[in-house]
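Reader: Please examine one part of this model closely, namely how its C-terminal-side helices pack, and give a connected account.

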Amino acid sequence: MKKIGLMEILGKSPAIKKVLQLIEKVAPRDSTVLILGESGTGKELVARAIHAKSRRKEGPFVPVNCGAIPEELLESELFGYERGAFTGASRSKPGRFELAHGGTIFLDEVSEMSPKLQVKLLRVLQERVVERLGSEEPRPVDIRIIAATNRDLEKEVAQGRFREDLYFRLNVIPIRMPPLRERKEDIPLLAEHFLQKFCEREEVPLKRLSPGALECLMNYPWPGNVRELENLMERLVILVEEDVIREEDLPEHFRGLTPPPGLIPVEIPPQGIDLKQMLLEIEKTFILKALELSGGVRTHAAKLLGLKRTTLVEKMKRLGLE
Ligand SMILES: Nc1ncnc2c1ncn2[C@@H]1O[C@H](COP(=O)(O)OP(=O)(O)OP(=O)(O)O)[C@@H](O)[C@H]1O
Ligand SMILES: [Mg+2]
């Protein structure tokens, strides 16, 4: 069976399963959907999946990145214009709302819209009509609206940067995309999927991760989420020649992230803790351990800690370990 790469939302974590269930439920409806989540969590993938599972699937899916288009241009992109509406408008042009007729428009980074455009979008949501620039004629559009943002929209509203009435109109069905670090159980599956994808593309034998390398990936916080994982796998497929990707093949910031069991108490007692002091203690413990393992050879200990020798010596001085 041929896989439809674009549509596949992989994951077996409870968090992603909940998202998939929600997609199944909302897709056949025409309700507005607001997809929230950090960058790279799969917001666009979800928007496309909703469209593909909707009764509009034969219609167009029109993505618009509101953060990437300058305001003036965004207005004419979205609403279109009539001939002569502004200098250079030598013929009329439909906007993306019109182009999405019978389908779905995906307003990505919707929080970046200017106040003026927010008002205009509100009107589209309320009345399902658009007016091209330079025209007063309202044109009805049959569209489903899906919006996405990686910002905290409630905060944007509280700080007066995003209209509250628009927020309520958009937030009919919110879908929160969990960050990758909150669904670590999906990492092996996703890593394998991307390795397979890039090995096929590059026509090289399938690579796999050593248990050590996988452990590093499991302990990494993934600020760039699935996109970061995807990019890393592409890089490894191209750079690593062996079939097995080892811990040493990973970029430096992925390595040595194994949290020592029991060392860091994640409990905070009612009286609080002294974080600075605690971090110093942790640093000290690791340095002593590295020195022990390296028989006191500082160059070696520094290597074990992923530090430069000079940095290690400095830290030892500061911690009184000399
Ligand atoms: N659950 C998943 N299964 C498979 N691939 C995924 C999954 N989540 C994300 N991806 C892939 O990760 C990449 C990033 O996803 P996407 O572009 O949808 O994220 P985004 O939230 O829109 O990111 P940004 O905020 O940076 O625009 C895409 O290539 C997408 O196919
Ligand atoms: Mg996106």
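Author: Helix 11 and helix 12 cross in a right-handed manner, a crossing being right-handed if the near helix is turned clockwise from the far one by less than a right angle, and left-handed if anticlockwise. The model is predicted, so that local features need pLDDT of at least 70 and side-chain atom pairs count only at pLDDT 80 or more, while totals for chains, interfaces and linings use all residues. Residues are numbered from 1 along each chain as its sequence is written, and side-chain values use heavy atoms, without hydrogens and water.

Helix 11 spans residues 275–293 and helix 12 residues 298–305; helices are DSSP runs (H or I, at least four residues) numbered from the N terminus. Their axes are 8 Å apart at an angle of about 125°, where axes are lines fitted to C-alpha atoms over the stretch in contact and angles run from 0 to 180 degrees between N-to-C directions. The two helices are therefore oblique to each other (under 35 degrees is roughly parallel, over 145 roughly antiparallel, 65 to 115 roughly perpendicular, and the rest oblique). In the contact (heavy atoms within 4.5 Å), F286, I287, A290, L291 and L293 of helix 11 meet R298, A301, L304 and L305 of helix 12. These residues comprise 8 nonpolar, no polar and 1 charged.

Helix 12 also packs against helix 13 (residues 309–318), at about 95° with axes 8 Å apart, which makes the pair roughly perpendicular. Here R298, T299, A301, A302 and L305 of helix 12 contact R309, L312, V313 and M316 of helix 13; the division is 6 nonpolar, 1 polar and 2 charged.

Definitions and conventions:
Chains lettered and ligands numbered in written order. Nonpolar A, V, L, I, M, F, W, Y, C, P; charged D, E, K, R; others polar.
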